[in-house]
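Please look through the sequence and the model below before reading on. The paragraphs that follow go from the overall plan to single residues.

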Amino acid sequence: MKRLTLVLGGAAVAGLAAVIAVAQQSGDTQEESLVFLGELMSPKEISAGRKLYAENCASCHGVKLEGQADWKRRLDSGKMPAPPHDETGHTWHHSDQDLFTITKSGVSAVVAGYDSDMPAFDGVLSDAEIRTVLAYIKSTWPDRQREYQEKITKNERAKP
Ligand code: HEC
């Protein structure tokens with residue numbers, strides 16, 4: 001009987017692993033964890049980030065992270081529309097630190113004097129909340145974008 005339980009237990013674990021693998025392939029981030037700014041973000045934090053994204057970012061960056069229509073063309077105001085956060089955009093060209101700074105303090109905190117419609121979330125979202133939102137965004141990227149962005153983040157952290 002004990003043996004049977006063990007075998008069944010093993011099967012359950014294998015089943016769970018398969019479910020996780022499928023969830024990752026289908027872009028469902030529920031079971032995933034990843035590193036943001038050197039910290040391991042749990043599946044729970046990533047799903048909290050998904051909710052915060054919907055509430056705070058989706059109105060401009062799109063419910064599916066698709067960005068604003070014609071996002072590469074400057075607006076009449078001279079400013080840029082909100083780019084996608086999925087792999088078709090350029091969010092993954094920035095290090096974890098830059099993404100955090102842009103979200104907390106606005107684009108001008110990274111590019112001095114730059115005028116932009118991206119609001120600063122300092123005082124709106126806590127640092128921990130900003131980390132979860134960005135971890136959620138990262139969790140939607142395919143491997144190539146993740147690997148590229150990981151290298152950029154590593155190089156940035158290696159700087160004095
Ligand atoms: C009111 C509209 C608006 C909201 C809401 C908004 N953004 Fe943005 N965001 C922008 C715009 C516009 C830009 C492009 C800035 C530019 O290039 O001038 C941008 C750019 C960015 C960038 C730089 C992306 C890149 O590819 O260079 C990041 C990161 C970012 N936003 C994160 C967020 C996050 C995270 C949230 C939610 C917490 C959010 N934004 C909410 C309008 C918005």
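How many helices and strands make up the secondary structure of the protein chain? The secondary structure comes to six helices and two strands, where helices (H or I, at least four residues) and strands (E, at least two) are DSSP runs numbered from the N terminus. Read from the N terminus on, the elements follow the order α-β-β-α-α-α-α-α. This is a predicted model, in which local features need pLDDT of at least 70 and side-chain atom pairs count only at pLDDT 80 or more, while totals for chains, interfaces and linings use all residues. Residues are numbered from 1 along each chain as its sequence is written.

Two general values help to set the scene. Of the 160 residues of the protein chain, 22% count as buried; a residue is called buried if 20 or more other C-beta atoms lie within 10 Å of its own, exposed if 12 or fewer, and partly exposed in between, with C-beta atoms placed from the backbone. Among contacts between residues at least 6 apart in sequence, 51% join residues at least 24 apart, a contact being a pair of residues whose C-beta atoms, placed from the backbone, lie within 7 Å.

We can now turn to the interior. The largest nonpolar core (a set of buried Ala, Val, Leu, Ile, Met, Phe, Trp, Tyr and Cys residues joined through C-beta atoms within 7 Å) has 15 residues, and those that touch the most other members are Tyr53, Val133, Leu134, Ala135, Tyr136 and Ile137. Two or more residues of this core come from each of helix 2 (43-56), helix 4 (96-105) and helix 5 (127-139), and helix 5 gives the most, with six residues. One of the core residues, isoleucine 137, touches Tyr53, Leu65, His85 and Thr91, if residues up to four places away in sequence are not counted.

Is helix 5 mostly covered or mostly open? Helix 5 is mostly covered, since 10 of its 13 residues are buried, among them Ile130, Arg131, Thr132 and Lys138. The covering of these buried residues includes strand 1, strand 2, helix 2, helix 4 and helix 6 (143-158). The length of helix 5 can also be checked: the expected span of a helix is 1.5 Å times one less than its number of residues, so the 13 residues of helix 5 should span 18 Å, and its end C-alpha atoms are indeed 18 Å apart.

Helix 6 has 16 residues and reaches 22 Å from its first C-alpha to its last, close to the 22 Å expected at 1.5 Å a residue. Because the number of buried residues among the 16 of helix 6 is one, this helix lies largely in the open.

In helix 4, the buried residues are Asp96, Leu99, Ile102 and Thr103. They lie on the same side of helix 4, because they cover an arc of only 135° around the axis, the arc being that of the directions from the helix axis to the C-beta atoms. These buried residues of helix 4 pack against strand 1, helix 5 and helix 6. Just after helix 4, glycine 106 takes a positive phi of about 95°.

Which residues are closest to the ligand? The ligand is surrounded by 24 residues, and the closest are Cys57, Cys60, Ala82, Ser116 and Met118; a residue belongs here if its C-beta atom, placed from the backbone, lies within 6 Å of the molecule. Helix 3 and helix 4 each supply at least two residues of this shell. The shell divides into 13 nonpolar, nine polar and two charged residues, where Ala, Val, Leu, Ile, Met, Phe, Trp, Tyr, Cys and Pro count as nonpolar, Asp, Glu, Lys and Arg as charged, and the others, Gly among them, as polar.

Serine 116, one of those closest residues, is found in the loop between helix 4 and helix 5, and it counts as partly exposed because it has 14 C-beta neighbours inside 10 Å. Leaving aside neighbours within four places in sequence, serine 116 is in contact with Lys79, Met80, Gly106, Val107 and Ser108.

Two further loop residues deserve a look. Leucine 37, in the loop between strand 1 (34-36) and strand 2 (39-41), has a positive phi of about 50° although it is not a glycine. Aspartate 70, in the loop between helix 3 (58-61) and helix 4, likewise has a positive phi, near 55°, and counts as exposed because it has 9 C-beta neighbours inside 10 Å.

Note on methods. Two residues are in contact if their C-beta atoms, placed from the backbone, lie within 7 Å.
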